[in-house]
Structure formats: C-alpha cells, structure tokens
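Please find below a short set of numbered remarks for your consideration. They are best read with the sequence and the model side by side.

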Amino acid sequence: MTSFPELDSSTPSTTGWRMLLALAVVFVMLATTGWTAIRHHGGDMDPRARELASWREGRFDGHRLPDPYAPPPVLQRFFTTLDTRQRARLTARYPLVVGNLNGAPIKLRYRANRLALIRAREVERRRTTSTQLTPLGRENATRRMQRYASLLRADRQVIAFDPAGSGRVAEVFGDLEHARHVAVVVPGVDTDILTFQKTRRRYTAPVGMARSVYQAERSLEPHGANAVIAWADYTAPVGTGLDAATGKLAAEGALRLRAFVTGLPDEAAVTLLCHSYGSVVCGVAARDLDPSVTDIAVAGSPGMRAGHVSDFGTRARVWAMRDGNDWIADVPNLEVGGLGHGADPVAEGFGARRLSAAGADGHSGYFVPGTESVSNFAKLGIGAIHSVTCADDDDCTADAG
C-alpha cells in the first residue's frame, strides 16, 4: 500500500489534499484490481430463491406459512404450534428457508442446514464431471464439494447457509441455545464459502477467527455460558476495488446482520467483533441495532461511515484497535461522493475506546492466539470489559468523549 506524506492539519489546503489522496487511492485500486464484481460459480438457478417462492405460495397442513422475513417473535410463535414430526417435515421440504429463518429454533436451523449442505454437495458432485463446464469450473465444483463435506462434520453447527453465488455461511462455536454472552465475528473482503476456512493462515479466515476467540474465552471462563459465531452471511467485496471503497455491500450486509442479531437468544448479551471491511458493515448496522448488542469492537478498520461514535445513536460501547504495522493506516479516512468510509475509529476525536492490539503484527494478525488483540476480543465477548488492556495509557473503560 502506498504511503502518503504527513499533512499539517492547520493549513487551509489540508482537506483538499486529503480529498485528492482519497480519490487517488481509489483510482489506484481500480487500475490494479478493476471494478470488482461478485463472484458466481456458474451453477443452477438460485435454489434458495426457488424454495422461498414455494414457501410463500405453499400451505402446510392446510395453513399458510408465515412471512420468512417476519420478526423473530412471530416466527418463534409459529414453530411453537408445530409438533416434532411437523417440524421435521417442514425442514425436509424447505431446508434452505428453515435454516436461515431468524426466529426458528436453533437446533432446527442446524438440522435444516445439514440437509441443505447434503443437497448442495450432491449438486457440486455432479458438476465435477459435467462436460458443460471448463476444467476450471470442474475444479471449482470440487473445491465447493469438499467445503460442504467439511461443514457436514458431526461437530459443526451451521446456523446459516446459502450456496447461491459465491456462497454465504455462519457457524456457531459453543452452546448458543443457552448462551448468556454471544460474540459475532464479522469478517472483511474476500470472504465467501471457499475462504470461510483455511488450512494455511487459518486465523485470517472466519472459522479460525471465531475459534480463536472462543478458545480464549474458554481459557478465561472454562465453564462460562458463551458462544462465538463466525458470521460470513453477507456478500463481501472481492479484493480492494471499488466495492471495498464504497458502502453498498456494507449497507446490504448491515441489513442481514441486524436481522441475524434479532434472532439470537433473547437473554444473551451480544458483542460484534468486526475486522477490516466488516467494521464498515458494523458501522452501518450500528444505527439501528437490537438493544441486545452491548459492544462493538473494530480492528484494522478503514472507517465506520461515521465522523464520531455519537453518529451511531446506539447505547452499545464502541471499541477500536489497530496494530502499528497495519497498512490500513495509509488509507485516507474520508468520505467523498460515496467513496471512502469516514473518520479513523482509532483517532482520539472519534470517541471510541481504544484497545491494545499488541502482538497482532499487521492487518491480518488480530485473531492470532496469544495476542493482546484476541485476548481483548475474548474479554469483551464474555462481558469482562473492566479487564481489557487499553492502547497506550488510555483509560478505555471510562466513558468515551
């Protein structure tokens, strides 16, 4: 990433120069990565869209099915009217709907997504030998089939899944049904079904991030009622092109994040742990979050599309951290004509509580076990806010100004 010279904030020309620099960064991104587009794997027509259409028009045991986007309490009440056999039949008929219903019983969502993954794996298995696909297409189908097989392991708890396009998924670590504290990890660019989990550089992928936080929480509270969710259930930008420099995908992701949070257990306190472009999603979502969200923590943030924490209008505490070697610091923090994401969350004037990221080592190191950053994430996740480690000499447990 290009480094820019320091500008004297007292000079009248500073704002103009920073605006030019922000635009220059965007044009460099476009020149090197192009106008990015959402990746599609070239499969059949969206299977979840078909199920949703059938759900809306269908009847079950003589009754109309509820709006799949109804508030969670409405959907919760609907499922209480069904017995075990009826729930099983409905799940078998509409796994991609039930598995993504915010308000459906948690274990039923796990079961539905397991069925959906089995069916999606079979689709990809057929595509691996299709003569209508290029060798690259068949290779991609093989990779997706292997990813679905991994997600089907008995120990995995998939709470959201959609195979359409580049794929969306969310996985739970811990006992979500009885959790008193829930942390939701919101990742950034280049997140899809294939990058959801990595063998190499595992802590740069949502599964590795969430598992690292959960293990840190367990070391702090071995018997705590806590859960951590790897939430890759939104369409993330591909690379550092135009999508990453604007808020369109963040706005769409924020709608999904808000809806997801409202479907979490009523008694649980929720913490959002947001990395890179994921912090943009969390910033947009913060304007209208469920009151169960008590804390929002961002790491390596390019901005939260706000000038100050007061712009969010939320009671949730806002925390920010950045490693000294993180290249994101070189990106000008401006919003010009929809490009850029606003003020720097670690700047003193932003008003966030600043956390230590000691040991993180760069933009992708915040979730590595043993770092101060992941320890701070875990402490926020279990509600131990008074034991976090601040950046420098800040008193980050005090009210931010």
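1. Arg168 belongs to strand 4, which spans residues 168-174. The model is a predicted one, and the remarks here should be read accordingly.

2. Is Arg168 buried or exposed? The relative accessible area of Arg168 is 17%; because buried means under 20%, Arg168 counts as buried.

3. The side chain of Arg168 makes a polar contact of 3.4 Å with the side chain of Thr235. Thr235 is also listed among the residues in contact with Arg168 once neighbours within four places in sequence are set aside. The others in that list are Ala160, Phe161 and Asp162, then Ile193, then Ala232, Asp233 and Tyr234, and finally Arg256.

4. A second region concerns strand 8, residues 293-299. Of its 7 residues, 6 are buried, so strand 8 is largely enclosed by the rest of the structure.

5. On one side of the pairing scheme, strand 7 (residues 269-275) and strand 8 run parallel and are joined by 6 bridges. Within this pair, Asp295 of strand 8 stands opposite Thr271. Between strand 7 and strand 8 the chain passes through helix 11, residues 277-285, in a β-α-β crossover that is right-handed.

6. Strand 8 also pairs with strand 9 (residues 317-321); these run parallel, with 5 bridges between them. Here the bridge partner of Asp295 is Arg317, in strand 9. Asp295 may thus be inspected together with Thr271 and with Arg317.

Terms used:
Residues numbered from 1 in each chain as written. Predicted model: local features only at pLDDT ≥ 70, side-chain atom pairs only at ≥ 80, totals over all residues. Heavy atoms only, no water. Helix = DSSP H or I, 4+ residues; strand = E, 2+ residues; numbered from the N terminus. Buried < 20%, exposed > 50% of the residue type's maximum accessible area, 1.4 Å probe, protein only. Polar contact = N/O pair within 3.5 Å; in protein donor to acceptor, adjacent residues only side chain to side chain. Contact = heavy atoms within 4.5 Å. Pairing = 2+ DSSP bridges. Right-handed = clockwise from strand over helix to strand, strands pointing away.
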